[in-house]
Amino acid sequence: MAEHAHLEVDGLTKRFGGLVAVKSMTLNVRAGEILGLIGPNGSGKSTVMKLIMGIERPDAGSVRINGTEVAGWPSHKIARLGAGIVFQHSRPLHRQTVLENIKLALLPDKLTRLLADPQTDERARAIAARVGLSGVLDRRPATLPFADLRKIEIAKAIARNPQVLLIDEPFAGLTSTETAAFSDLICELRDDGRAVLLVDHNVKSVARLVDRVLAMYVGERIAEGTADEVMRNETVRRVYLGGSIETAARPESSFRDRTTPFLEVTDLNVQYGKAQALQNVSIHIHAGEFVSVVGLNGAGKTTLFNAISGLLPYLGDIRREGTSLRGQTAATIARNGIVQCSEGRNLFTDMTVRENLDLGGQHLPAAESAEQIAWLFELFPILRERQKQAAGTLSGGEQQMLTIARALMMKPKLLILDEPTLGLAPVVLEQISKALERLRQTTDITVLLGEQNVTFALPHADRVYVLEHARVVWEGAPVAFAAEMGTGYL
Amino acid sequence: MRSASTTRVLLIALAVVIVVSFLPLGVSGYILGLLTIAYYFGVFAMAWDLLFGFAGEVNFGPTFLIGTGAYTAGILDNLYQPPIWLCVAAGALAAVAGGVVLALPALRVRGPYFGLTTLVAVLILQNYVVVDAPLTGGEIGLTIPDVITISDAANYEIALWFMAVSGAVLFALSRSPVGLILQASGQDAVQAGALGFNVTKHKLAAFIISAFFSGLAGALMAFYLSSASVGTFIDITVGVQIIIAAVIGGRRTILGAVLGAIFLIAMSELLRPLGDLSNFVVFAMALVVVLLFPGGFFGLLTRSKEHG
């Protein structure tokens, strides 16, 4: 068997309806090697992993594990042949302890085994020690930090001693120390002679770890080689890197409602228990203006937006066209035209794209609704193609576009976008960015955008606020941002 | 926060059963009769909890399995009068066979469709019983010529110890490695499959076990009542009562289902003076329990123990 690569994938193809998610994919991972499979959101990399593991059935192509053809097998058989997967989201058994969760993975697939093998306990403890869970064996998963939950997933995956190990976004949500510890663990697993396939968004996050990298884009392989080679590859650069920052800010004096801005937030204070989430925050937005609120995670952006939308109790004043919003319910505020696209997207995943849009336009007369949809399809052409597809089957970027489009169906006066770029690859950002630009140029809509990603937030903005630790620390034009704040923030 | 060990829970339960087994010395035959029914209901509810609480499948048709067991046993006794134990065994086997026929296609569909399939199965069985009246007794019900015993106390003890043994088996199973795999399959079938477990096989096994105990209990209860009717064994409301018993007793606990069953039977008896209103009140109370104590009675019991 030594002449075989542990994992050989050849001509693998998967279609979802009319969408070809994976197109004739070919890859090999040898024993003792780490291959990084990278690609922007929606490139099909997670689907490749599911096809290898038998979670999805391939439409064509071959998957060989140690020389055995497994394409089309159910996943439990593929698992028993020696493949393991670490899912991106941990879903442990919550009523069981960490130790029991690991033991689960050690159990044989037999109905007759009513008592666990006495060695199971010992082996589970050994695995826990290896991944660094010894201290929390008797705790329930719900009481553990995120990094430990990831460790449980790894522990379960290696319990069966898989020769081929698939890991989905190994470092998502981990701090740099945790990432280092995880990297060491993954290297150890490779040094045991396993074939490891890492799936991630970009090369940088896995460059230190991988022996080879394969880059995917819309279902196809675009480059393969060492991390350096792939990073230098022209196609990869084009897919990943957007244009340089150009700003097109309109001066504040150009807006007609200079004395009474469309929305005026004065001395806003919000407490979560003992924590001060917002402290004396004052911002204003003119009708037709595009304002970006830039700040890192936890700075208070979402809190600010939720207060404006009437979802939170607050001290201070929020006025729309001179009238206080205090006392109005969230539903009234939204109906009157302040519409928020929250971070979580909140789409109806089982409904089609079209149905989601129709739902957003419920209150409009039919003709107006149809007109609005036609306009949105021009703004987001991809949604026209996908209109009969269930929203849940869209890629992350397409879902984000649908979320924005659905909000626009409500014909908002003020559109609040909370982190629309969260988890999206650069190429998708560019598409959304273009749509926002068209929106700004062709309509008189007012936009309040909250972002961590400065390259995304600046180009469209007329004005920028920087939120840091619950306070507004800077306000000004985007051109000034780079000079005054840029070095500190970027 | 460790849950009480399996052996300890079983020992406590055994102690309770032994104490309760002395009840015939002190209470009337009428109350014994009620408890006998409650115990059979307890087995129905425990068998249901194995499927829902562990395998994660909502079976809206527990009465399909129970009814198949009861009617098979009853009809067999009516036609050929074999030994009663043979009728009961045949009832249990028929329920298993019916369960497999139902589960094989039903487990292929996902989510709410499994539940709907089981619901439809109940309607089909109910209609069959009504239509094939010469064999089944139809709407009037089936009279079963034989009884196991006419002694209230003996019937009570049979039901009690049958429930105790069923409960011990189901509870031990739920805490065994197989129970753990079942829970994993119920919570996340994709991940369970990726860990090498054949999810369909395990769920099918859970269905078969659930069917076996449901059919056995149904057959025994039919011989106790010496009759079988759609209203007592098959009707959707009976199924709903079983589900309520399991849920208010504490889902995913197996043993809690018995508490729920006794509560339901006792309540509808205590509230009998209210007439038609009694069912309304019982269901309203069940709703309150479900909303305020999602852990059910058993959850309340074990929680107070953990704090104390």
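## Strands 6 and 7 of chain A

A83(A) has V164(A), in strand 7 of chain A, as its bridge partner. Strand 6 and strand 7 (residues 164-168) of chain A run parallel and are joined by 4 bridges. The model described here is predicted.

Helix 5 of chain A lies across both strand 6 and strand 7 of chain A. Its direction makes an angle of about 175° with strand 6 of chain A.

## The six-stranded sheet

Strands 6 and 7 belong to an open sheet of 6 strands in chain A. The strand order is 6-7-8-3-9-10, and the pairing is mixed. Strand 6 (83-86) and strand 10 (220-225) of chain A form the edges, each pairing on one side only. On average, neighbouring strands of this sheet are turned by 20° against each other, with direction ignored.

## Helix 4 of chain A

Which residues of helix 4 (residues 118-131) of chain A are buried? They are T120(A), A124(A), I127(A), A128(A) and V131(A). These residues lie on the same side of helix 4 of chain A, because they cover an arc of only 100° around the axis. The buried residues pack against helix 3, helix 5 (146-159) and helix 6 (176-191) of chain A.

The face turned away from the buried side has another character. There, P118(A), Q119(A) and E122(A) are exposed. After helix 4 of chain A comes G132(A), with a positive phi near 85°.

## Two domains

Chain A is assigned two domains: domain 1 (7-240) and domain 2 (252-489). Their centres, taken over C-alpha atoms, are 36 Å apart.

## Strand 18 of chain A

Strand 18 (residues 446-451) of chain A is largely enclosed by the rest of the structure, because 6 of its 6 residues are buried. In a regular strand, side chains alternate between the two faces of the sheet. In strand 18 of chain A, both faces are covered. T446(A), L448(A) and G450(A) are buried on one side. V447(A), L449(A) and E451(A) are buried on the other.

Which strands pair with strand 18 of chain A? Strand 13 (residues 290-294) of chain A runs parallel to strand 18 and is joined to it by 5 bridges. Strand 17 (residues 414-418) of chain A also pairs with strand 18 in the parallel sense, over 5 bridges. G450(A) has a place in both pairings: V293(A) stands opposite G450(A), and D418(A) has G450(A) as its bridge partner.

## Q441(A)

Q441(A) sits in helix 16 (residues 426-442) of chain A. Is Q441(A) buried or exposed? Q441(A) is exposed, because just 9 other C-beta atoms lie within 10 Å, and a residue counts as exposed at 12 or fewer. In sequence, Q441(A) and H460(A) are 19 residues apart. In space, their C-alpha atoms are 9.9 Å apart.

## Contact between chains A and B

How many residues does each chain bring to the contact? Chain A brings 25 residues and chain B brings 20 residues. On the side of chain A that touches chain B, helix 2 (75-81) and helix 3 (98-106) of chain A are the elements that give two or more residues. Helix 2 of chain A gives the most, with 4 residues.

The residues on this side of chain A divide into 14 nonpolar, 2 polar and 9 charged. Helix 3 of chain A thus appears in two settings. Helix 3 gives residues to the side that touches chain B, and the buried residues of helix 4 of chain A pack against helix 3.

How values were computed. Residues numbered from 1 in each chain as written. Chains lettered and ligands numbered in written order. Predicted model: local features only at pLDDT ≥ 70, side-chain atom pairs only at ≥ 80, totals over all residues. Domains from an automatic or database assignment. Contact = placed C-beta atoms within 7 Å. Nonpolar A, V, L, I, M, F, W, Y, C, P; charged D, E, K, R; others polar. Buried ≥ 20, exposed ≤ 12 C-beta atoms within 10 Å, placed from the backbone. Arc of directions from axis to C-beta. Pairing = 2+ DSSP bridges. Axes fitted to C-alpha atoms, helices over the stretch in contact; angles between N-to-C directions.
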